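Trainee: Hello! Could you help me read this model step by step?
Mentor: Gladly. Let us put it in front of us and begin.

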There are 2 protein chains.
Amino acid sequence: MRGKQATIWDIAVKLNISISTVSRALRNAADINPETKKAVLKLASELDYQPNAIASSLRNSKTNIIGIIVPEFIHAYFPKVILGVQDVANQSGYKLMISQSGESLEIEKANIHAMVSSRVDGLIMALSRETDTYDHILSVQKRGIPVVFFNRFADELTGSKVLVDDYKGAFEAVDYLIRTGCRRIAHLAGPEKLTMSGNRIKGYLDALKAHNIPVLEELIIPCDFMEGKARQATQHLLNMKERPDAIFVVNDPTAIEALICLKENNVRIPDEISLICFSNAPHSTFVDPPLSAIVQPLFKIGQTAARLLIGQVEQGKNFIPSTEKLETELVIRKSTRPLF
Amino acid sequence: MRGKQATIWDIAVKLNISISTVSRALRNAADINPETKKAVLKLASELDYQPNAIASSLRNSKTNIIGIIVPEFIHAYFPKVILGVQDVANQSGYKLMISQSGESLEIEKANIHAMVSSRVDGLIMALSRETDTYDHILSVQKRGIPVVFFNRFADELTGSKVLVDDYKGAFEAVDYLIRTGCRRIAHLAGPEKLTMSGNRIKGYLDALKAHNIPVLEELIIPCDFMEGKARQATQHLLNMKERPDAIFVVNDPTAIEALICLKENNVRIPDEISLICFSNAPHSTFVDPPLSAIVQPLFKIGQTAARLLIGQVEQGKNFIPSTEKLETELVIRKSTRPLF
DNA sequence: CTGAAAGCGCTAACAT
DNA sequence: ATGTTAGCGCTTTCAG
């Protein structure tokens, strides 16, 4: 054995056969004597041989690695999606290289370079909140590396997308609030550059319009997913002469902040103010009161993204980008009033 | 350009120089004409050249990838540690390959194989709750790949470790409970195979002994980190003729389950039963009541693990395993009684 | 300061 | 059914 780790060369020498025969035996190719194969497999196991993926990647120009770039994985959202990706990826023989942009465009770019250098076969990503230029992503696509976006993307970008029906979910949530008697409904919105934010705002607006409720611009506050921003925005709402009687929140961490702020101000939920959010974090269920929410199928988002991506990777460079839109579910808990 | 992606060969041909010169220019080696270097760098950038990490890994027998295997990353614990790892790793030019064992020994083994195949330079890991054989890990170490453990390890294993002072943290927590007047203190413990579980139990026991409080075996219930197990155990405690007046819980997800169970049974916290846990998840702060906890320096655990590992990777195969023990902090919130 | 050439471990024609 | 050989893209002696 030359280094610490056995290679097909070691096996070949000990068995007095050629390395190509060993290679064939190991990947149970067609033309191979069962006896030879058995001997190779036996010795391989004795030597604790593990194929060198680096070498075969180089040879095959294929790494079987899928890159994932997400803004963060402190909150449960992205990890749950990644779980879904892992499910499909591992079953199809792909490994995952994961990194976080920390919501920073600079780090996102650095991550992309690392992924390209590592020659990932494809990339699944959700943009950072800062991302407003797209050269780094175009560069990946120009190399023929397929990219699948989820959750956070921008209309300027082509590429496959896995989305939830943000518009419909938002509409349903606000519609529900109205049907429980709320009339002055605020919206803590997401970063303006993200398509998702716009769609949720549109759903919010249309639900109001559908019920002939006037839109008040001052009740729509973009929150940018910055820590502390939601709290500040909520406090701002509470300081108004006329307080809102409901808040529709763009996502879960933002909603938690809003909730804490409401409680600090001794606002009774949902009697004085109802709270509902786009979400799927488990905390929603064990904060007090448990949050009503538009729940997204996170695991399935991950699975779908992985399936789309692997499909594109394997069908070669002429894939057609496609978009899959998944349904959300309105789950009513205790932070909104009952219907009757 | 041969394929989609530029190589040093492409640069060499266009500049009519040799690939070795290009290579030197790109890694600003010593003996290189500044003019040549400038030309190479310029063309590289024009071609959007990204070095092929696969090729250089093969050549150098070094991937600059650190593998991380954790049981899960749904709860905030492991992601926060990974953040710390990423911090140090990226600064030192390493990439991360992350996977989850899903608390399964089988998957842990598969992950290890994948990591070995990918020729990671080192491995950072926390064992799954099922792990009770260690051949797969020994096999990694036999290859000369350094392994650093954190949070979950076993005494049978050698290798570097980053720990928190489980014994001391547990002792302090239980001591605090006693000083607030609790006498019948239960413990929802971790899986028995993990060293950590044992140390926390020992801290629990010694605190009781220090105050001359008799140990009641039936109040110590191992919870194995299985979903639902903690709830069941808590219910069991509540069904006793004489209920405990405090519960010390091995970790955060377990504590959340216990909390929910207590609330379902309309137990007043902390008046009837105090609750305290080993933790660092942010939920602790926004459940109702916020949980008192022994807080661990998660980011620092990750940084320390990465630093240890990279040190070992770079100082070659003769590294000496070492153990770093970090301090915890007792944070009193609302789930325990005040001292006076 | 630059070029030629070997080789990291593996796969896949192409021979035999 | 097996062996020979070239080469994936890069780094690194060794020569010049």
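Trainee: Which helices each supply at least two residues of the surface near DNA strand D?
Mentor: Helices here are DSSP runs (H or I, at least four residues), numbered from the N terminus, and a residue is near a strand if one of its heavy atoms lies within 4 Å of it. In this case α2 (19-26) and α4 (53-60) of chain A do so, together with α2 (19-26) and α4 (53-60) of chain B. The most comes from α4(B), with 4 residues.

Trainee: How should I treat the numbering and the reliability?
Mentor: Residues are numbered from 1 along each chain as its sequence is written, while chains are lettered from A and ligands numbered from 1 in the order in which they are written. The model is predicted, so local features need pLDDT of at least 70 and side-chain atom pairs count only at pLDDT 80 or more, whereas totals for chains, interfaces and linings use all residues; side-chain values use heavy atoms, leaving out hydrogens and water.

Trainee: Which residues come nearest to DNA strand D?
Mentor: Of the 25 residues around the strand, they are S20(A), T21(A), R24(A), Y49(B) and R59(B).

Trainee: Where are the polar contacts with DNA strand D, on bases or on phosphate?
Mentor: A polar contact is a pair of N or O atoms within 3.5 Å; within protein, one must be able to donate a hydrogen and the other to accept it, and residues adjacent in sequence count only if both atoms are side-chain atoms. Both kinds occur: an N or O atom in the side chain of S20(A) is 3.1 Å from a base oxygen of DNA strand D, and a polar backbone atom of I8(B) is 2.7 Å from a phosphate oxygen. For A55(B), a backbone N or O atom lies 3.2 Å from a base nitrogen. Among the strand's atoms within 4 Å of the protein, 59% belong to sugar or phosphate and the rest to bases.

Trainee: What domains does chain A have?
Mentor: Domain bounds come from an automatic or database domain assignment. Chain A is divided into domain 1 (8-51), domain 2 (63-163 + 297-325) and domain 3 (166-296).

Trainee: How much area do domain 2 and domain 3 of chain A bury between them?
Mentor: The size of an interface is often given as the accessible area lost when the parts come together. With a 1.4 Å probe and summed over both parts, these two domains of chain A bury about 1400 Å², 58% of it on carbon and sulfur atoms. Between them there are 5 residue pairs in polar contact, with both residues at pLDDT 80 or more.
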